[in-house]
Amino acid sequence: ACGSGGDESGGDGSVVNYALPANATPNWILPIGVPGTLATHNISIYKSLWPSLVAFNGSTGEVALDEAASVAESIRWSGDGTQVTLALKAMSWSDGQPVTSRDVEFWFNLIKAGKDGWASYAEGKMPDNVTAVETPDPSTVVLTLDQAYNQQWFTSTQLTLITPLPHHAWAKTSDDGAVGDGDRDPAQARQIFDYLVAEAEDLASYETNPLWDVVSGPFTAAEYAANGQVKLVRNQSYDGTDPARADEVNLLPFTSADAEVNAVRAKSVDYGYISSSALAQEQQYTGLGYRVEPWTGWSVTYMPYNFHHPQMGAVFSQLYVRQALQHAVDQVGISDVVWHGAADPGYGPVPQEPASDYLSEVQANNPYPFDLAAATQLFTAHGWTPGPDGVLACTNPGSGPDQCGEGVAAGTRMELTFLVQSGSQETDNQFAEIQSALQQVGVGVYLEQAPLNQVLSRTVPCEAGDPECTWQLSYFGTAGSWYFGAYPTGERIFGTGGTANFGSYSNPEADALLSAAVLSNEQGTMAQYSALLAQDLPVMWLPNPVYQVSVIAEGLTGTTQDPGANFYPQRWGWES
Amino acid sequence: MTTVSATADESTAALEVDDLHVTFTTDEGDVPAVRGVRLAVARGRVLALVGESGSGKSVTAMSVLGLLPRNARTSGRVSVGGTDVVGLTGEDLRRVRGARVGMVFQEPATALNPSMTVGAQVAEALRNHGTAKDVAAARAVELLTEVGIPDAAARAGRYPHEFSGGQRQRVVIAIAIACEPEVIIADEPTTALDVTVQAEILDLLRRLVQERGAALFLITHNMGVVADIADDVAVMYQGRVVEQGPVQQVLTAPSDDYTARLLAAVPELPRLADEPAAADEVAPADGDALRLEGVCVDYGRGRRAFRAVTDVDLVVGAREIVGVVGESGSGKSTLARAAVGLVPIAAGSASVLGSALTGHGRRARLLRARIGIVFQDPAGSLDPRMTVGESVAEPFRMHPDAAGRPNRAERRTRVTALLDAVRLPGGTLDRYPHELSGGQRQRVALARALALRPGLLIADEPTSALDVSVQQQVLDVLREVHTEFGFGCLFISHDLAVVHEIADRVAVMRGGVIVEHGSADRVLGAPREPYSRALVAAAPSLDPVEQRRRRELRLTAL
Amino acid sequence: MTATLDGEVRPVPRGRALRRFLANRMAVVGLVVLALLVLFSVVGPLVHPTDQVHTNLAEANQPPSAAHLLGTDSVGYDVLGRLMQGGQISLLVGLSAGVLATLIGTLWGATAGYVGGWVDAVMMRVVDAGIAIPAIFLLLVVSAITRPTLPLLILVIGLVSWLVPARLVRAESVSLKTREYVLAVRAGGGTHRRAVLRHIVPNTIGTVVVNATFQVADAILLVAYMSFLGMGVQPPATDWGAMLSSGVGLVYSGAWWLIFPAGLAIVAVVCAFNFIGDGLRDMLDVKGKRA
Amino acid sequence: MTTTTMNPLLRFVLRRTGQAVLVVLLVTVVVFLLLQALPGGPARGVLGQTATPEQIAAFNAANGFDQPLPQQYLAFLGRLLSGDLGDSFVMNQPVADAIAQRLPKTLLLTGLSLVVALAVALPLGVRQAARRGSGFDYSATTFAVVLYSTPSFFLGLILIVVLSQWLGWFPALAPQGRTVLGVLAEPRALVLPVLTGALVAVATFSRYARSSTIDSLAEDYVRTARAKGTPEAAVLRRHVLRNSLTPVVAMLGYQIPVIFGGALVVEQLYNYPGMGLLFWSSAQAGDFPVLLGCVLVIAIATVIGSLLADLLQAAIDPRTRGGLQ
Ligand SMILES: Nc1ncnc2c1ncn2[C@@H]1O[C@H](COP(=O)(O)OP(=O)(O)OP(=O)(O)O)[C@@H](O)[C@H]1O
Ligand SMILES: Nc1ncnc2c1ncn2[C@@H]1O[C@H](COP(=O)(O)OP(=O)(O)OP(=O)(O)O)[C@@H](O)[C@H]1O
Ligand SMILES: [Mg+2]
Ligand SMILES: [Mg+2]
Ligand code: NI
């Protein structure tokens with residue numbers, strides 16, 4: 001491989017060593033994710049073997065269509081917006097067969113038959129919103145939609161899910177079964193789906209299973225070990241537009257960030273990460289020959305209020321309470337000091353880095369800046385007075401404008417419990433700061449810490465009577481609370497009944513904007529939505545930490561970091 | 001007696017101790033244990049060191065090989081075959097130890113490594129001084145046979161706790177003589193031995209002295225042994241040698257006051273009758289303190305099982321002292337342990353003071369409060385972390401009701417009184433067992449056994465480590481207490497004279513069975529069984545003429 | 001004859017054991033160090049009052065200076081003051097949990113070894129089972145279902161760490177119960193309790209003391225691990241273990257004042273306990289030959 | 001009594017094996033109950049925030065979490081008896097595979113650490129006791145205590161900074177070979193992880209060895225040994241050491257399960273995925289099957305460890321051999 005690699009990348013070593021996140025081991029190769037396998041390293045790896053029909057990502061610096069990585073040459077919308085025509089590039093599978101529209105249809109057949117086992121499935125979305133898939137010729141696919149959608153949304157979140165699969169190699173139901181058109185029959189398609197998933201569930205066989213040798217991407221997986229070690233080597237027969245620049249990319253698993261940093265310091269990784277506290281000592285790493293680049297995520301970070309909490313739900317429902325609490329969060333200070341700059345303040349539902357059209361002025365300017373006096377003022381103005389221990393209590397119940405508000409009983413104390421993910425120094429410090437600030441306002445805060453998995457398990461949408469409805473505010477955002485697809489709509493986190501709307505926030509106005517953002521092509525909907533939720537505070541907005549603070553060896557190029565937290569090993573190469 | 005010249009040249013003394021002082025530093029200040037001792041033993045001769053318990057005999061012996069604990073300060077000169085050993089250290093000292101001077105320690109129970117087989121421990125003495133491994137192992141078995149361990153080849157592979165007290169002592173002797181040293185220091189080498197074995201050991205030691213010209217430095221409180229074997233005698237008292245001279249002279253015409261007292265206290269067996277007397281069964285009077293019926297005791301299980309006591313019937317009357325004598329390893333201690341339930345009885349029954357001693361309930365505990373026990377090995381039976389006072393007072397705390405609920409001060413008074421009764425000074429109260437001499441420890445154990453005025457006293461060799469004068473006093477105390485409170489007593493001893501003096505009846509054991517029993521006078525004066533006769537004949541007498549007669553009798557009996 | 005020894009041996013004054021303890025110079029040093037640490041933690045905050053409740057991001061991450069002798073940490077607390085406050089908790093937790101674990105473990109092990117038979121088997125299998133359920137897991141569950149308070153913290157640490165001393169003591173107990181002095185107690189009608197408490201336990205003291213000092217160290221460090229799981233002390237309180245483990249991440253950053261003071265404090269307290277332990281051992285050990 | 005002819009050792013081992021099964025069962029029951037006590041259940045933790053209620057319900061149904069607890073436990077036991085430990089929720093691997101992959105590596109690393117630790121600690125502790133109260137003794141004690149009181153994550157980091165970063169003697173990553181043989185092929189890389197594991201154990205063992213040696217040294221048989229002219233080194237080795245081993249052996253039996261927990265730090269620090277990490281991450285991720293599998297392995301190891309320790313102890317102290325019967 002070395003001989004042929006030299007022309008593209010130059011330099012001596014056409015090998016790139018990339019450090020995977022601590023304790024993240026790649027364990028899913030099939031480009032159809034099943035629940036629990038959607039980690040970004042899995043996705044990034046299978047996308048470099050089987051590229052999507054449409055790639056829409058931030059690999060170029062802004063979140064946009066990635067034409068080079070797409071299998072589709074062009075996307076054309078019909079006038080009424082209910083039909084999309086995709087033309088495929090002239091590409092071939094690694095065994096020489098051409099990539100055709102049949103391979104796209106194959107994907108649809110499998111997904112339609114097996115959608116309940118597909119991790120990315122959401123009712124009414126892909127593939128339900130595609131009523132017909134036509135393949136007029138081998139390089140054209142026509143999708144008929146059930147209604148008109150916002151094209152930006154559809155392209156970036158729906159079309160990106162489609163992956164041409166090697167029909168000629170995979171359309172079978174057993175290892176030595178015959179390949180045929182069985183996938184056109186839903187029952188058989190289901191069998192094929194199950195067969196492929198079953199093969200993918202056998203991690204130990206990845207290196208030997210011939211199924212995974214038929215790829216269309218710039219790489220093939222030369223090694224895929226159960227311990228997470230993955231070696232990608234250049235796909236010699238790749239004829240697409242996004243060829244690998246390095247001959248070989250090693251994805252190295254690490255048991256901990258400490259171990260990874262040791263490897264970085266020993267220069268045994270070319271592309272790794274350091275803790276954000278090390279940002280203060282950046283020159284240590286530049287001295288070793290690295291550039292230090294924080295990797296900002298296309299995400300927002302927040303703490304949901306449990307509006308259904310039996311006692312505090314009524315309190316949280318008061319906008320002035322949420323405003324007061326938000327005023328006590330020193331986002332700038334926390335981002336700079338606690339996160340050493342490896343977090344950006346976030347004031348609303350749209351990611352603020354990198355800047356986009358979706359972001360409203362209101363959100364960008366922070367409607368509730370850090371201001372303890374304002375916070376105190378809001379409480380006193382609404383009938384809260386500090387008790388002997390300094391904790392506020394509602395002394396003026398009622399729903400008048402200067403009263404505590406509807407449902408808030410007299411004597412209710414302003415004592416909150418934050419369920420917080422443990423194990424991160426920055427998170428601990430952030431909450432020490434928030435606790436300290438709130439304490440000055442007269443809000444008592446009890447920090448209940450637990451491992452992330454625990455926090456997630458306990459943070460569930462609930463009704464006041466449910467036994468699990470005991471959490472008040474919950475933080476699971478050490479690595480960002482929510483990563484968006486390319487189009488940052490929040491129907492799942494803020495829409496009424498959204499699956500990840502843990503606090504049961506419900507705002508008809510927001511719901512209307514959210515559905516408009518998906519369905520209409522009207523400009524500015526997203527910005528309106530951004531402004532609304534920045535003001536209405538469905539959650540407590542918190543600084544959004546970077547995905548990681550990367551260290552990248554000098555001379556390694558093509559490392560533009562996708563805010564979607566995916567990586568593109570084919571772009572990496574050494575400067576000559 | 002000895003054919004070697006009795007007047008060996010002073011300069012060839014194999015062991016010479018000159019102006020030896022040993023002082024112990026303790027938390028309560030200095031204890032001068034040895035104050036200016038001067039002794040000498042020539043090759044081929046036997047020096048016996050006798051004296052009061054605690055007078056410094058063991059300390060003197062241990063200073064020869066530099067084995068005193070670190071809190072001892074030594075001054076003076078000790079030379080072995082002309083080499084001064086006091087200043088020796090390291091390799092030089094090591095070459096003397098074992099090779100040129102062999103040492104038999106007073107308390108065999110703790111002198112052996114519990115986790116090493118007996119054979120290996122003997123062999124080690126040889127290997128330390130250059131003998132090859134397999135040769136040493138073979139020789140170890142020979143040595144064990146020589147000191148009278150039956151079935152030595154097999155038992156060499158056993159561990160010390162599987163041996164009886166006397167057998168352990170013999171192992172220690174085997175270690176001491178393994179390298180045929182020029183000087184053998186034997187600290188009470190026969191205390192735990194029955195008289196027959198004692199005689200054999202003495203014969204063995206005598207042979208070593210005569211044939212190999214070793215010098216034997218023998219510490220003993222047994223005047224019979226002295227008469228039997230010693231050429232010279234030194235008498236120690238309060239850290240000083242008060243009298244020294246040839247055996248005849250010291251034994252028959254003591255010049256020191258203390259020596260005279262010592263000799264006067266030696267108990268004597270009656271002359272052994274030539275004909276066995278008819279059987280006499282004295283039935284115990286009012287009730288019995290201990291009743292054993294058909295008792296059998298096994299050690300181990302399965303193929304390793306070993307019956308140590310077989311079908312023993314024995315009754316100890318409520319106010320009776322029953323002596324048990326017999327061969328070492330014959331099961332005496334085992335019988336005593338079985339009687340109080342410390343080893344399980346395989347068959348038969350035992351009852352104490354009228355009731356069976358089973359379980360750990362309140363009733364059993366109250367019954368136990370009425371039993372006093374003196375274990376054979378005083379060193380092992382005292383908790384090393386308790387002071388003497390605490391140990392002796394323990395019965396009061398275990399059975400406050402039986403003791404009349406004494407408070408702290410009362411306890412102390414009573415402990416002092418008890419220690420006084422066994423002739424231990426009040427200051428002993430706050431010392432730890434390891435700071436006492438062997439005899440002192442033994443008396444502590446006795447004091448503890450008597451603390452609650454027991455109804456049954458089991459005394460396993462309670463005076464074996466005592467010099468005769470103290471022994472006399474302790475026996476007097478025992479008798480006094482006995483007449484005053486009247487308890488039944490199982491008195492185990494290998495000292496037939498002592499048994500004769502104190503016991504009403506005597507049982508003779510051999511190989512786990514009682515071969516003969518009857519009144520003390522009859523069994524010890526005119527025994528019927530050949531074994532009993534041999535046993536009595538083996539007891540050494542202070543009178544050299546009587547001693548010769550006995551030795552001859554014994555040789556014919558065997 | 002009584003006079004023989006009377007002159008030589010004076011009656012022992014009380015406090016013989018104490019003197020023996022004091023004779024061990026290192027033990028005294030340990031005691032002094034411990035006393036100083038306690039003073040530092042308890043009296044220190046009065047002498048050097050600092051705000052350990054409110055964070056101060058403006059003053060965070062400062063190296064030592066006249067205003068902050070040991071600098072400030074990453075949310076602006078004065079490290080010296082924090083060390084004092086953390087000391088209170090670390091010392092309290094370390095001591096109490098160590099004592100608790102040692103007490104339970106010693107009694108459990110001594111009893112099991114002494115009684116033997118199936119009781120021993122059952123008791124020791126319980127210990128095996130306890131050891132087999134990794135402490136991390138227990139802590140995880142406890143942290144999920146309770147709100148950690150200081151007494152609970154002590155209890156939990158005590159309860160996960162008594163197993164080792166139990167095993168250690170049981171091992172010794174098995175061999176001690178065959179000693180004649182224990183037989184003597186049983187034969188004399190002493191209760192089992194007496195045999196265990198007065199004879200077996202004191203004779204395991206060497207092992208127990210060594211283990212107890214380890215328990216103290218373990219407890220102090222365990223609190224740090226527990227904070228990692230979210231079961232540590234409730235902010236803004238802290239402890240040395242947590243301070244150290246949060247500082248360790250900064251090892252390459254040169255913020256030595258966030259690592260070494262807490263580390264040294266832990267080492268100092270554990271060393272002090274160890275030497276005190278040695279002294280205690282001397283105090284209770286009558287046979288040991290002191291130089 | 002009916003089996004008097006059976007070798008007591010064999011009988012002891014058999015009986016203990018029986019008890020072992022009970023212990024393991026007990027442990028699994030306890031762990032099962034504890035898992036139940038964890039609020040929330042594993043579904044959301046495993047599937048992530050994006051999971052839909054349907055997916056969560058499907059997950060719970062597939063894993064039997066909707067069934068009553070005793071039934072779940074019996075199902076687990078049934079699978080276990082047929083040798084199936086189940087599949088990991090998050091690793092896309094059968095539990096048995098995951099364990100089989102890591103167990104040998106962990107055993108190798110910790111076994112080596114243990115051997116190194118014992119080889120250093122025993123002579124050190126015995127020598128300290130022999131020279132009790134000397135400067136050597138005090139400095140060794142201080143050294144041991146400092147080592148012990150330094151948390152291993154910190155100790156390991158210091159070793160890395162000094163021996164790897166400054167001096168460059170050893171790599172900071174453990175051997176990355178996939179198999180035990182692969183690991184052994186990089187002996188230099190093994191040094192730091194083994195050292196980190198060993199140093200803490202050295203501190204522990206040497207302290208116990210010292211303490212019990214002091215006790216043994218005061219015994220009369222040591223005097224006997226010296227009186228026969230045994231060289232001092234042999235006195236310590238043959239007579240003292242063995243009788244001082246009781247607590248060390250007791251610790252050793254306990255050490256085997258500790259290996260799994262204690263190895264965690266080493267595994268994290270040196271990038272050596274082993275059992276410690278497996279257990280830790282599955283506990284954190286709510287990966288119940290792996291958790292149960294680990295607990296099972298640890299329980300079995302514990303019982304084997306304590307059995308071995310008891311056997312060793314009996315071998316050391318013949319007086320306690322009665323206890324075997
Ligand atoms: N380690 C010690 N510390 C303090 N005093 C001691 C120590 N060892 C012995 N002694 C004291 O030294 C004195 C002499 O003891 P030694 O053992 O030599 O007596 P002994 O003559 O052998 O007596 P016995 O015939 O009873 O064995 C006794 O008073 C004893 O209490
Ligand atoms: N724990 C044991 N295990 C096996 N055999 C034992 C054990 N204890 C004693 N024996 C054996 O039982 C027999 C009787 O021992 P015992 O101690 O009763 O003898 P003894 O008559 O008291 O002897 P001595 O006068 O020497 O003390 C001896 O042969 C001894 O070796
Ligand atoms: Mg003596
Ligand atoms: Mg006996
Ligand atoms: Ni009982």
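**Figure 1. Helices α8 and α12 of chain C cross in this predicted model.** Let's start where helix α8 (residues 150-161) of chain C meets helix α12 (residues 205-229) of chain C: their axes come within 10 Å and cross at roughly 120 degrees. That angle makes α8(C) oblique to α12(C). As for handedness, the crossing of these two helices is right-handed. On the α8(C) side, look for C:Leu153, C:Val156, C:Ile157, C:Val160 and C:Ser161, which meet C:Gln215, C:Ala219, C:Leu222, C:Val223 and C:Met226 of α12(C). Sorted by character, the residues of this contact are eight nonpolar and two polar, with no charged residue.

**Figure 2. Spans of chain C that carry UniProt annotations.** An unreviewed UniProt entry lists "transmembrane region" for residues 26-47, 89-114, 126-146, 152-169, 208-234 and 254-277 of chain C. Two of these spans are worth a closer look here. Residues 152-169 of chain C are 94% helix and 0% strand, and the end C-alpha atoms of that span lie 26 Å apart. For residues 208-234 of chain C, the helix share is 81% and the strand share 0%, with 32 Å between the end C-alpha atoms. The unreviewed entry also gives "domain: ABC transmembrane type-1" for residues 87-277 of chain C. Across residues 87-277, chain C is 81% helix and 0% strand, while the end C-alpha atoms are 20 Å apart.

**Figure 3. A cis peptide bond between two prolines of chain C.** Zoom in on the bond from C:Pro235 to C:Pro236, which is cis with omega near 5 degrees. You will find C:Pro236 in the loop between α12 and α13 (240-248) of chain C.

**Figure 4. Chain D, a chain of helices without strands.** The secondary structure of chain D comes to 13 helices and zero strands, so tracing the chain from its N terminus takes you through one α element after another. Along its principal axes, the C-alpha trace of chain D spans about 80 × 70 × 35 Å. The "transmembrane region" annotation in UniProt (unreviewed entry) covers residues 20-38, 107-126, 138-169, 189-209, 248-270 and 290-312 of this chain. Among them, residues 138-169 of chain D are 84% helix and 0% strand, with end C-alpha atoms 30 Å apart. Residues 189-209 of chain D are 100% helix and 0% strand, and their end C-alpha atoms also lie 30 Å apart.

**Figure 5. Which chains touch, and which do not.** Five pairs of chains are in contact, and of these, chains C and D share the most contacts. Chains A and B, by contrast, do not touch: their nearest C-alpha atoms are 46 Å apart.

**Figure 6. A salt bridge within chain A.** Side chains of opposite charge can pair when their charged atoms come close. In this view, A:Arg190 forms a salt bridge with A:Asp116, and the closest N and O atoms are 2.8 Å apart. A:Arg190 sits in helix α6 (residues 186-200) of chain A, whereas A:Asp116 is in the loop between α3 (101-114) and β6 (130-137), so the pair ties together parts that are 74 residues apart in sequence. Over all chains, the count comes to 49 salt bridges.

**Figure 7. Two loops of chain A with notable backbone geometry.** The loop between α3 and β6 of chain A also holds A:Pro127. The peptide bond leading from A:Met126 to A:Pro127 is cis, with omega near 0 degrees. Elsewhere in chain A, the loop between α12 (361-364) and α13 (372-381) contains A:Asn366. Although A:Asn366 is not a glycine, its phi is positive, at about 55 degrees.

**Figure 8. Helices α17 and α18 of chain A pack against each other.** The axes of helix α17 (residues 508-519) and helix α18 (residues 525-536) of chain A come within 9 Å and cross at roughly 155 degrees. This makes α17(A) roughly antiparallel to α18(A). The crossing of α17(A) and α18(A) is left-handed. From α17(A), the contact involves A:Glu509, A:Ala510, A:Leu513, A:Leu514, A:Ala516 and A:Ala517; from α18(A), it involves A:Thr525, A:Met526, A:Gln528, A:Tyr529, A:Leu532 and A:Leu533. Nine of the contact residues are nonpolar, two are polar and one is charged.

Note on methods: Residues are numbered from 1 along each chain as its sequence is written. Chains are lettered from A and ligands numbered from 1 in the order in which they are written. Side-chain values use heavy atoms; hydrogens and water are left out. Axes are lines fitted to C-alpha atoms, for helices over the stretch in contact, and angles run from 0 to 180 degrees between N-to-C directions. Helices (H or I, at least four residues) and strands (E, at least two) are DSSP runs, numbered from the N terminus. Angles under 35 degrees count as roughly parallel, over 145 as roughly antiparallel, 65 to 115 as roughly perpendicular and the rest as oblique. A crossing is left-handed if the near helix is turned anticlockwise from the far one by less than a right angle, and right-handed if clockwise. Contact means heavy atoms within 4.5 Å. Ala, Val, Leu, Ile, Met, Phe, Trp, Tyr, Cys and Pro count as nonpolar, Asp, Glu, Lys and Arg as charged, and the others, Gly among them, as polar. UniProt positions are given in the numbering used here, feature names are shortened, and annotations may be inferred rather than shown by experiment. A salt bridge is a side-chain nitrogen of Lys or Arg within 4 Å of a carboxyl oxygen of Asp or Glu.
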